[in-house]
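These are my notebook entries on a few local features that I looked up one after another. I kept each entry to a single topic.

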Amino acid sequence: MKTDIQIAQEATMKPITEVAEALNISADELELYGKYKAKLSDELWERVKDNKYGKLVLVTAINPTPAGEGKTTTTVGLGQALHKMGLSSVIALREPSLGPCFGIKGGAAGGGYAQVVPMEDLNLHFTGDFHAITSANNLLAAMLDNHIQQGNALRIDPNQIVWKRCVDMNDRVLRNIVVGLGRKADGVVREDHFIITVASEIMAILCLADNMDDLKLRLSRIIVAYNYDGKPVTAGEINATGAMAALLKDALKPNLIQTVENSPAIVHGGPFANIAHGCNSVRATKTALKLADYVITEAGFGADLGAEKFLDIKCRMAGLKPDAVVIVATVRALKYNGGVAKSDLAEENLDALKKGIVNLEKHIENIAMYNVPTVVTLNRFDSDTEAELAYVRQFCEERGCEFALSEVWKDGGDGGMELADKVIETLNNKVSDYKPLYPDEMPLEDKISTIAKNIYGADAVTYDPAAKKALERLTELGFGNMPVCMAKNQYSLSDDATKLGRPTDFTINIRDVYVSAGAGFVVAITGTVMTMPGLPLHPAAERIDVNSDGVITGLF
């Protein structure tokens with residue numbers, strides 16, 4: 001079997017103007033970035049904004065494992081299948097981060113014959129959105145430090161600066177740094193920190209903003225520090241809003257590319273789901289819903305993270321109502337959750353499958369809490385046996401869940417027909433009665449407890465003293481009605497990555513809490529999750545190269 005990048009490089013791409021025609025977008029409504037990439041113009045939105053919304057389908061998954069689940073691959077393949085069926089459809093994805101691209105995961109454009117292209121562009125610089133976000137973030141940091149250097153009229157306490165610099169790379173040595181060393185003119189000496197760009201509040205703001213006015217309002221509300229009286233200081237008070245918005249002007253517009261089968265794909269924004277809210281932009285999703293009858297989107301990692309944040313943060317803020325949810329699993333990943341070593345996953349093991357399927361069971365139960373119809377799909381591997389497939393199918397159907405096999409990695413859209421049929425059947429026969437897990441007025445501590453107990457299955461929540469104090473402070477400052485964005489490891493329902501399956505008898509520990517006032521949510525950090533990842537012993541970057549003809553290899 002060819003590698004993902006070989007398949008992507010051999011795909012015959014159409015000019016993006018032709019791809020756009022499938023969504024009735026004219027060439028004049030595109031802002032071209034070469035032959036195969038384009039941004040969707042403001043003029044397009046003005047033309048379609050009064051159109052009726054199409055159906056919105058979220059693709060999520062069980063907790064990720066080294067065995068692989070294929071959530072993005074399934075999303076792309078389902079979109080390809082709907083397109084092959086002649087239906088008005090589009091997929092809406094996040095942009096990949098350079099961090100995991102050069103770290104453990106490699107590229108993130110789907111896989112096999114269910115990919116979006118140009119794959120190399122998407123995984124590297126694409127249309128420059130992440131660079132713009134990084135620049136806006138660091139401009140604010142520079143203006144904050146300059147304000148202190150130039151007299152500190154706002155009486156900012158250097159020990160209470162909360163705004164961090166960012167870079168879209170896994171670089172652990174930047175987690176904790178000292179800035180301002182040198183002469184007096186070189187700035188005030190203080191401790192500082194870096195986070196990865198996809199965890200930046202600017203990323204979250206870009207993905208939640210409806211338009212430029214909303215973007216500027218959100219940017220102005222960013223809390224960068226507290227003054228000597230303990231009062232918040234905002235980006236608006238630093239006078240950074242306009243310049244940041246100028247840097248983000250083009251990044252605010254969604255990007256249009258295509259799949260290997262030339263069906264349209266809108267790709268925009270890319271917050272991580274373990275440390276941020278994990279969804280593509282509201283603007284991209286709303287535009288897609290105005291352009292097509294069926295929109296297939298995804299949210300990062302397992303349903304305990306990406307789907308929960310999609311349903312409790314994005315849909316709540318944007319007024320979106322999902323019509324169905326697809327949960328992706330694999331027999332291999334379920335057996336891994338049942339205790340089988342990665343090297344032994346190709347062997348039939350019904351006992352391990354029965355033990356590990358409780359992870360899928362919990363995710364099915366979680367989605368049911370939101371009153372949204374659910375379809376479970378198995379991303380099929382050649383090593384899966386008929387007995388294993390039959391067991392999973394029966395397990396899902398006994399729980400009132402629709403079920404379909406997916407073979408999109410191997411067969412592209414053709415391999416997604418069973419899933420596409422089941423999704424259309426579900427949309428036609430079941431009505432979503434979506435509602436968030438908790439109301440806005442619920443206290444922050446109760447929101448955290450609701451997520452931890454209902455979604456993760458925890459018995460209780462404990463708080464470090466600093467986190468407890470931060471909750472009280474944020475409530476006093478008027479942020480108590482905001483939704484909560486949980487920062488948690490992606491590998492387990494608990495805050496301990498080693499606890500696979502469906503853990504019981506555990507507590508969730510909250511070690512830090514802070515507000516992303518511009519984004520509009522409160523972040524609760526659990527366990528040891530990091531906002532700046534590090535590289536592994538042998539990062540994916542070691543395998544990436546480019547030859548004299550400019551052909552990239554090893555990207556995925």
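Entry 1, a proline in a loop. I placed Pro 118 in the loop between β6 and α6, the latter being residues 119–123. The model I am reading is a predicted one, and in it the peptide bond from Val 117 to Pro 118 is cis, with an omega near 5 degrees.

Entry 2, a surface patch. I then turned to the other end of β6, where Tyr 113 sits in the loop between β5 (110–111) and β6 (114–117). Together with Met 1 and Trp 409, Tyr 113 makes a nonpolar surface patch of about 330 Å². Tyr 113 itself has a relative accessibility of 32%, so I noted it as partly exposed.

Entry 3, positive phi values. I looked up two asparagines with this backbone feature. Asn 239 has a phi near 65 degrees, which is positive although the residue is not glycine, and its place is the loop between β13 (232–234) and α10 (241–248). Asn 262 has a phi near 70 degrees, again positive in a residue other than glycine, and I found it in the loop between β14 (255–259) and β15 (264–267). Are these asparagines buried or exposed? Asn 239 has a relative accessible area of 63% and is therefore exposed, whereas Asn 262, at 18%, counts as buried because the cut-off for that class is under 20%.

Entry 4, aromatic rings. How many aromatic pairs does a search of the whole structure find? The search returns one. In that pair the ring centres of Tyr 391 and Phe 395 lie 6.2 Å apart and the ring planes meet at 40 degrees, so I recorded the pair as tilted. Both residues belong to helix α16 (residues 386–398), and because they are four residues apart there, about one helical turn separates them. Tyr 391 is partly exposed at 21% relative accessible area, while Phe 395 is buried at 7%.

Entry 5, charges over rings. I noted that Arg 332 lies over the face of Phe 381, at 5.0 Å from the ring centre. In a further case, Lys 488 lies over the face of Tyr 456, at 4.8 Å from the ring centre.

Entry 6, strand β23. I spent the last entry on this strand, which covers residues 521–526. Why is β23 described as largely enclosed by the rest of the structure? Six of its six residues are buried, so that description follows from the count. In a regular strand, side chains alternate between the two faces of the sheet. In β23, Phe 521, Val 523 and Ile 525 lie on one side and Val 522, Ala 524 and Thr 526 on the other, and with all of them buried, both faces are covered.

I next looked up the strands that pair with β23. Strand β21 (residues 484–487) runs parallel to β23 and is joined to it by four bridges, with Met 486 having Ala 524 as its bridge partner. Strand β22 (residues 507–516) pairs with β23 in the antiparallel sense over six bridges, and here Ser 516 stands opposite Phe 521. β22 and β23 form a hairpin with four residues between them, and in its turn Gly 520 has a positive phi of about 100 degrees.

Note on methods: Residues numbered from 1 in each chain as written. Predicted model: local features only at pLDDT ≥ 70, side-chain atom pairs only at ≥ 80, totals over all residues. Heavy atoms only, no water. Patch = residues over 30% accessible without salt bridge, like charges linked within 9 Å, V, L, I, M, F, W, Y side chains within 5 Å. Areas by Shrake-Rupley, 256 points an atom, 1.4 Å probe, with all protein chains shown as cover. Salt bridge = Lys/Arg side-chain N within 4 Å of Asp/Glu carboxyl O. Buried < 20%, exposed > 50% of the residue type's maximum accessible area, 1.4 Å probe, protein only. Phe/Tyr/Trp six-rings, centres within 6.5 Å; stacked < 30°, edge-to-face > 60°. Lys NZ or Arg CZ within 6 Å of the ring centre and 35° of its normal. Pairing = 2+ DSSP bridges.
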